[in-house]
Amino acid sequence: MKIPGRLIAAGALCAVLLSGTAALSLAGQDAPPGQDAAADATPDPRMLAQGKRLYILCQACHATEADPGDKIGPHLAGIVNRPVASAEGTVYSDALRAQDFVWSEENLDLWLQRPAEMVPGTSMSFAGLPGEELRRALIAYLNTL
């Protein structure tokens with residue numbers, strides 16, 4: 001199977017950026033003592049900013065607007081609670097099209113942790129994002145799209 005050059009480049013970019021995610025940690029940006037950040041319905045602006053910075057891992061393949069342009073993956077506008085493999089104009093792998101779930105925050109967390117483990121046979125080349133805090137920040141940002 002021949003893999004398009006831009007897909008290889010995007011995968012390489014993800015691997016390089018992923019190796020540097022430790023620099024993007026939320027250390028020092030925790031909620032004040034006694035405040036449960038998960039219980040607060042409004043995301044912390046620092047978490048949203050962190051998520052927006054983490055989006056650099058996604059932007060090579062995914063647009064934030066409903067018009068994906070020349071991006072290889074589906075747009076992420078309105079991704080939270082959208083049915084899987086449902087963005088118009090996107091070519092999905094057979095493995096992803098065979099799924100029947102919505103992109104809830106929980107499913108996004110599982111997906112971002114290890115896409116190929118959640119849906120074996122997916123064409124998404126992203127290896128995964130370590131660290132629950134990083135995934136929560138990215139999902140908080142995706143919730144704003």
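**View 1. Two buried cysteines in a predicted model.** At a relative accessibility of 14%, C58 counts as buried, because any residue under 20% relative accessible area is placed in that class. C61 is buried as well, with a relative accessible area of 12%. The structure shown here and in the views that follow is a predicted model. A disulfide is a covalent bond between the sulfur atoms of two cysteines, and for a pair to be counted the sulfur atoms must be within 2.5 Å. By this rule the count comes to zero disulfides.

**View 2. The protein chain as a whole, before the close-ups of its helices.** The protein chain has six helices and zero strands, so that, when it is read along the sequence, the pattern is α-α-α-α-α-α. Of the 145 residues in the protein chain, 37% are buried. If one takes the contacts between residues at least 6 apart in sequence, 48% of them join residues at least 24 apart.

**View 3. The crossing of helix α2 and helix α6.** Two packed helices are described by the angle between their axes and the distance between the axes. For helix α2 (residues 45–54) and helix α6 (residues 132–142), the axes come within 7 Å and cross at roughly 90 degrees. The two helices α2 and α6 are therefore roughly perpendicular to each other, because angles of 65 to 115 degrees are placed in that class. On the α2 side of the contact are M47, L48, Q50, G51, K52 and L54, and these meet L134, R136, A137, L138, A140 and Y141 in α6. Sorted by character, the residues of this contact of α2 with α6 divide into eight nonpolar, two polar and two charged.

**View 4. The buried and exposed sides of helix α2.** Which residues of α2 are buried? They are M47, Q50, G51 and L54, and they cover an arc of only 100 degrees around the axis, which puts them on the same side of α2. An α-helix has 3.6 residues a turn, so residues three or four places apart point the same way. The buried residues of α2 pack against α6, whereas P45 and K52, on the other side of α2, are exposed.

**View 5. The buried side of helix α4 and what covers it.** In helix α4 (residues 105–113), the buried residues are N107, L108, W111 and L112. Because they cover an arc of only 130 degrees around the axis, these residues lie on the same side of α4. What covers the buried residues of α4 includes α3 (94–97), α5 (115–118) and α6.

**View 6. Helix α6, largely enclosed by the rest of the structure.** Why is α6 described as largely enclosed by the rest of the structure? Eight of the 11 residues of α6 are buried, and the helix is therefore largely enclosed. The buried residues in α6 are L134, R135, A137, L138, I139, A140, Y141 and L142, and they pack against α2 and α4.

**View 7. Two residues of helix α6, A137 and R135.** A137 lies in helix α6, where, at 0% relative accessibility, A137 counts as buried. A137 and M47 are 90 residues apart in sequence, yet the distance between them in space is 5.1 Å, C-alpha to C-alpha. R135 also has its place in helix α6, and at 7% relative accessibility R135 counts as buried. If residues up to four places away in sequence are not counted, R135 touches D109, L112, Q113, L129 and P130.

**View 8. Two residues with positive phi in the loop between α2 and α3****.** Most residues other than glycine have a negative phi, and most peptide bonds are trans. N81, which is found in the loop between α2 and α3, has a phi near 75 degrees, a positive value in a residue other than glycine. A85 is found in the loop between α2 and α3, and A85 has a positive phi of about 55 degrees although it is not a glycine. Is each of these two residues to be called buried, partly exposed or exposed? N81 is exposed, with a relative accessible area of 53%, whereas A85 is partly exposed, with a relative accessible area of 23%.

Methods. Residues are numbered from 1 along each chain as its sequence is written. This is a predicted model: local features need pLDDT of at least 70, side-chain atom pairs count only at pLDDT 80 or more; totals for chains, interfaces and linings use all residues. Side-chain values use heavy atoms; hydrogens and water are left out. Buried means under 20% relative accessible area, exposed over 50%, partly exposed in between (1.4 Å probe, protein chains only). Axes are lines fitted to C-alpha atoms, for helices over the stretch in contact, and angles run from 0 to 180 degrees between N-to-C directions. Helices (H or I, at least four residues) and strands (E, at least two) are DSSP runs, numbered from the N terminus. Angles under 35 degrees count as roughly parallel, over 145 as roughly antiparallel, 65 to 115 as roughly perpendicular and the rest as oblique. Contact means heavy atoms within 4.5 Å. Ala, Val, Leu, Ile, Met, Phe, Trp, Tyr, Cys and Pro count as nonpolar, Asp, Glu, Lys and Arg as charged, and the others, Gly among them, as polar. The arc is that of the directions from the helix axis to the C-beta atoms.
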